[in-house]
Amino acid sequence: MYCPICGAPMLSHYSANKPVADFYCDDCRSDFELKSRESKTAHIGRTIADGAYKTMIERITSLRNPNLFVMTYSNWAVNNLMLIPNHFFTPSIIEKRPPLKDTARRAGWMGCNIGIGDIPDSGRIFIVKNSILEDKARVMDLYQRSLSLKTEKLESRGWLLEVLKCVDRIPTNSFTLNQLYAFADELHAKHPDNNFVKDKIRQQLQLLRDKGFIEFTTRGEYRKT
Ligand SMILES: [Zn+2]
C-alpha cells in the first residue's frame with residue numbers, strides 16, 4: 001500500500017510490541033491503523049469494531065489518534081478500502097459496546113464501534129470501492145482537500161464535521177437554511193449545553209463557505225461545490 005498522504009510507494013509495518021498503530025510512512029511519518037472485516041456485501045457498512053472505548057476516547061481527545069484504514073473483503077479479495085484521516089475523529093462518532101459479562105476474563109471491559117457512517121463524505125476517502133481501485137492522484141487530492149477541515153480544538157471540529165454531515169445528507173445540490181435547521185434537534189441532542197444551535201449552524205455554514213465546501217447563492221440559499 002502506498003502512502004495516501006505523501007505518495008511514498010510503500011508503508012512500513014510497526015513491530016507487534018508497538019501498539020500505537022499498524023503501519024507508518026517512513027517519508028512523512030504518518031501513522032495508520034487498519035480495521036478489517038469479512039463481508040459478503042459490496043457496501044462498507046455503518047460501523048467497524050475497534051478496541052477499548054476508554055483508550056479510543058483518550059486518543060481522540062489528546063489528538064493522538066492515527067489515520068484509519070477500513071477494509072472489507074471476501075474470498076481473499078478486497079471489496080473496499082477506505083482512508084479516514086485522523087482529523088475526522090470526534091468522540092461523538094465512537095459508540096460504546098456492551099461491557100463484557102462478569103464471567104468473562106476481562107469482566108467489565110468495554111469495547112467500541114467507530115461510526116464510519118457518521119463521518120462526512122470528505123473524510124471517507126475510498127482507495128478501493130466496490131472492488132475497483134481508485135486513481136492514486138485522486139485519492140491524494142481528496143486527502144489534501146480534507147486538510148482544510150482540520151481544526152485546532154476538538155469542540156470546533158465536532159460542530160464543523162456534524163454540520164457538514166447534515167449538508168451531505170441533503171440529497172440535492174442546492175439547499176436552504178430551513179433544510180439545515182431541520183437537523184437542529186438532532187444537533188442539540190449531541191450538544192445539550194448549547195441553546196443557540198441555529199446560530200451555530202449558520203456560523204459553521206460560513207466556515208464551510210470560507211473553506212470552499214459550499215457557496216452562498218441568493219439570500220438563504222446554498223450550493224455544494
Ligand atoms: Zn507518507
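The questions and answers below concern a predicted model.

Me: Into which domains is the protein divided, and how many Å separate their centres?
Reply: The division gives domain 1 (12-149) and domain 2 (154-224). Taken over C-alpha atoms, the distance between the centres of domain 1 and domain 2 is 25 Å.

Me: Which class, nonpolar, polar or charged, has five residues on the side of domain 1 that touches domain 2?
Reply: Contact between the domains involves 10 residues of domain 1 and 11 residues of domain 2. On the domain 1 side, three of these residues are nonpolar and two are charged. The class with five residues is polar.

Me: What radius of gyration does the protein have, beside that of a compact globule with 225 residues?
Reply: The C-alpha trace spans about 55 × 45 × 35 Å along its principal axes. A compact globule of 225 residues would have a radius of gyration near 17 Å. The value for the protein agrees with this, at 19 Å.

Me: What distance separates the end C-alpha atoms of helix H3?
Reply: Helix H3 covers residues 154-169, which is 16 residues. At 1.5 Å a residue, the helix should span 22 Å. The distance between its end C-alpha atoms agrees, at 22 Å.

Me: Which helices and strands are included in what covers the buried residues of H3?
Reply: The buried residues of H3 are Trp159, Leu160, Leu161, Glu162, Val163, Leu164, Cys166 and Val167. Their cover includes two strands, E12 (214-216) and E13 (221-224). The helices included are H4 (177-181), H5 (184-190) and H6 (197-210).

Me: Which side chains of strand E8 point to one face and are buried?
Reply: In a regular strand the side chains alternate between the two faces of the sheet. Strand E8 (residues 111-114) shows this alternation, with Gly111 and Asn113 pointing to one face and not buried. Those that point to the other face and are buried are Cys112 and Ile114.

Me: Which residues stand opposite Cys112 in the pairings of E8 with E4 and E7?
Reply: Strand E4 (residues 48-52) runs antiparallel to E8 and is joined to it by four bridges. Strand E7 (residues 94-96) also pairs with E8 in the antiparallel sense, over three bridges. From E4, the bridge partner of Cys112 is Asp50, and from E7 the residue opposite Cys112 is Lys96.

Me: Is Phe89 buried or exposed?
Reply: Phe89 sits in the loop between strand E6 (77-84) and E7. Beyond its neighbours within four places in sequence, Phe89 is in contact with Ile60 and Asn65. Because 26 other C-beta atoms lie within 10 Å, Phe89 is buried.

Me: Is Asn130 buried or exposed?
Reply: Most residues other than glycine have a negative phi. Asn130 has a positive phi, near 45 degrees, and lies in the loop between strand E9 (125-129) and strand E10 (132-133). With 10 other C-beta atoms within 10 Å, Asn130 is exposed.

Me: What does Leu63 count as, with 13 C-beta neighbours inside 10 Å?
Reply: Leu63 is in the loop between helix H1 (53-61) and strand E5 (67-74), and its phi is positive, near 55 degrees. A residue is exposed if 12 or fewer other C-beta atoms lie within 10 Å, and buried if there are 20 or more. Leu63 has 13, so Leu63 counts as partly exposed.

Notes. Residues numbered from 1 in each chain as written. Predicted model: local features only at pLDDT ≥ 70, side-chain atom pairs only at ≥ 80, totals over all residues. Domains from an automatic or database assignment. Contact = placed C-beta atoms within 7 Å. Nonpolar A, V, L, I, M, F, W, Y, C, P; charged D, E, K, R; others polar. Rg over C-alpha atoms; globule rule 2.2 N^0.38 Å. Expected span 1.5 Å × (residues − 1). Pairing = 2+ DSSP bridges.
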